[in-house]
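Me: I'd like a close look at a single part of this model, taken slowly and in one go. Could you walk me through it?

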Amino acid sequence: MSPPLAVERSRTGVAAGPPPPTGGRPRRERGLSWLLLLPSVVVFALFIFWPLARTFYLSTHGNDIFGAPSTYVGVDHYTDMLTGEFGRVLATTALFTLVSVLPAVLGALVVVLLLEARLRGVRLLRTAFALPFAFSVATASVVFAVIYNPAIGIANGLLGAIGVDRVNWLTDPSIALPAVGLATVWMNLGYNVLVLSAGVAAIPPEVVEAARLDGATGWRLATGITIPLLSPQLFFLVVVSTIHALQSFGQIHILTKGGPDDATTTLVYSIYERAFAFGSSDFGGASAQAVVLLVIMLICTAVQFGVLERRVHYR
C-alpha cells in the first residue's frame with residue numbers, strides 16, 4: 001500500500017501531486033510543430049535538395065544535343081577537368097576572390113573607423129558610403145562599364161588629367177580582372193559598412209569610455225578595443241563575402257563576358273558557358289563543375305571556421 005499523502009510530503013518536503021499527463025497533448029503538439037515546419041521543408045526540398053540531387057545525377061551522365069541526360073558516364077566529366085585549362089579557371093577564381101573580398105572587408109573597416117571619429121556631417125558620410133548597397137549588380141555593372149569606357153569614361157579622364165595614358169580597363173588581359181574586382185568591391189562596400197557600423201553601435205559605451213580614461217585614443221583605441229569587439233562581424237563578412245565572390249556572375253557577364261582571352265572566366269562563368277552560352281547544352285560537364293564549386297565553398301567555409309573563428313571574441 002502506498003504511503004499517505006502527508007507521509008510523502010514529510011519525506012520529501014514537497015507536496016506530492018498527481019503525475020504529469022501523458023495523454024495525447026504532447027503528440028498533438030508534435031503534430032502541430034511538423035505542420036508549421038511543413039512549408040519550410042517543402043521549400044527546401046524543391047529549391048535546394050532536389051536541385052542538388054539533380055546536379056549530382058547530371059554530373060554522372062552524358063546528354064544529347066537537347067541537354068537531356070542519356071548514358072551513364074561515371075566520373076568521366078570529373079576526369080575531363082584535370083586539364084591546364086580548368087586549372088587556369090580555378091586560378092582565376094581564386095585571384096578574383098582575393099581581390100574582391102579582402103579590399104571590401106578591410107576598406108569597410110577603415111571607413112567605419114573613420115566615421116566613428118567625431119566629425120561634422122558623419123551621418124551624411126555614413127549614408128553616402130552605404131549607398132552602393134542600394135544598387136543591383138546589373139545597375140552597378142552598367143555604371144562601371146561607363147566609367148571604364150576608354151573614350152568617354154571618367155577613369156581615363158582622371159588619368160589623362162595627371163598625364164597618364166589611357167588604359168584599356170576591360171580589354172587588357174592583365175587589367176580586366178582587377179577592374180572587375182574593383183567594381184565588385186564597390187558593390188559590396190555598402191553592405192559591409194552597414195554590418196560593421198551596427199557592430200560598432202553594439203559596443204558598450206562604458207568599455208570605450210574606460211579605455212579613453214586609460215589613455216587609449218586613435219589607433220590604440222581601434223586596435224585594442226574596437227577591432228577585437230568587431231571580430232564577430234568581421235568573421236561573418238569574410239565568410240559571406242567569400243561565398244558571394246565564388247558565386248559572382250552578373251558583373252563578369254556584363255563587363256567582360258569572361259574575356260579578354262578568358263582572363264575573367266571564373267568557375268561560375270565557365271559553368272554558364274558550358275551549359276548555356278553559344279547554344280551549348282553540356283549540362284553534364286557543367287553539373288560536374290558545379291559540384292566542384294560546391295566542394296570548394298565547403299572547404300573554404302570549413303577552413304575559415306577552423307582558423308579564423310578561434311580569433312573571434314564573442315562578448
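How many residues does helix H10 have, and how far does H10 reach from its first C-alpha to its last?

Reply: Happy to! Keep in mind that this is a predicted model. Helix H10 runs over residues 218-229, which gives it 12 residues. From first C-alpha to last, H10 reaches 16 Å, close to the 16 Å expected at 1.5 Å a residue.

Next, its two sides. Leu221, Ala222, Ile225, Thr226 and Leu229 are the buried residues of H10. These residues sit on the same side of H10, because the arc they cover around the axis is only 125°. The general rule behind such a pattern is that an α-helix has 3.6 residues a turn, so residues three or four places apart point the same way. Turn to the other side of H10 and you will find Trp219 and Arg220, which are exposed.

What does the buried side pack against? The buried residues of H10 have four helices as partners: H4 (84-115), H8 (176-201), H9 (205-213) and H11 (231-246).

Let's stay with H11 for a moment. Two packed helices are described by the angle between their axes and the distance between the axes. For H10 and H11, the axes come within 4 Å and cross at roughly 55°. That crossing makes H10 oblique to H11. Where the two meet, H10 contributes Ile227, Pro228 and Leu229, while H11 contributes Ser231, Pro232, Gln233 and Leu234. Leu229 therefore appears twice in this picture: it is one of the buried residues of H10, and it is also among the residues that meet H11.

Technical notes
Residues are numbered from 1 along each chain as its sequence is written. This is a predicted model: local features need pLDDT of at least 70, side-chain atom pairs count only at pLDDT 80 or more; totals for chains, interfaces and linings use all residues. Side-chain values use heavy atoms; hydrogens and water are left out. The expected span of a helix is 1.5 Å times one less than its number of residues. Buried means under 20% relative accessible area, exposed over 50%, partly exposed in between (1.4 Å probe, protein chains only). The arc is that of the directions from the helix axis to the C-beta atoms. Contact means heavy atoms within 4.5 Å. Axes are lines fitted to C-alpha atoms, for helices over the stretch in contact, and angles run from 0 to 180 degrees between N-to-C directions. Angles under 35 degrees count as roughly parallel, over 145 as roughly antiparallel, 65 to 115 as roughly perpendicular and the rest as oblique.
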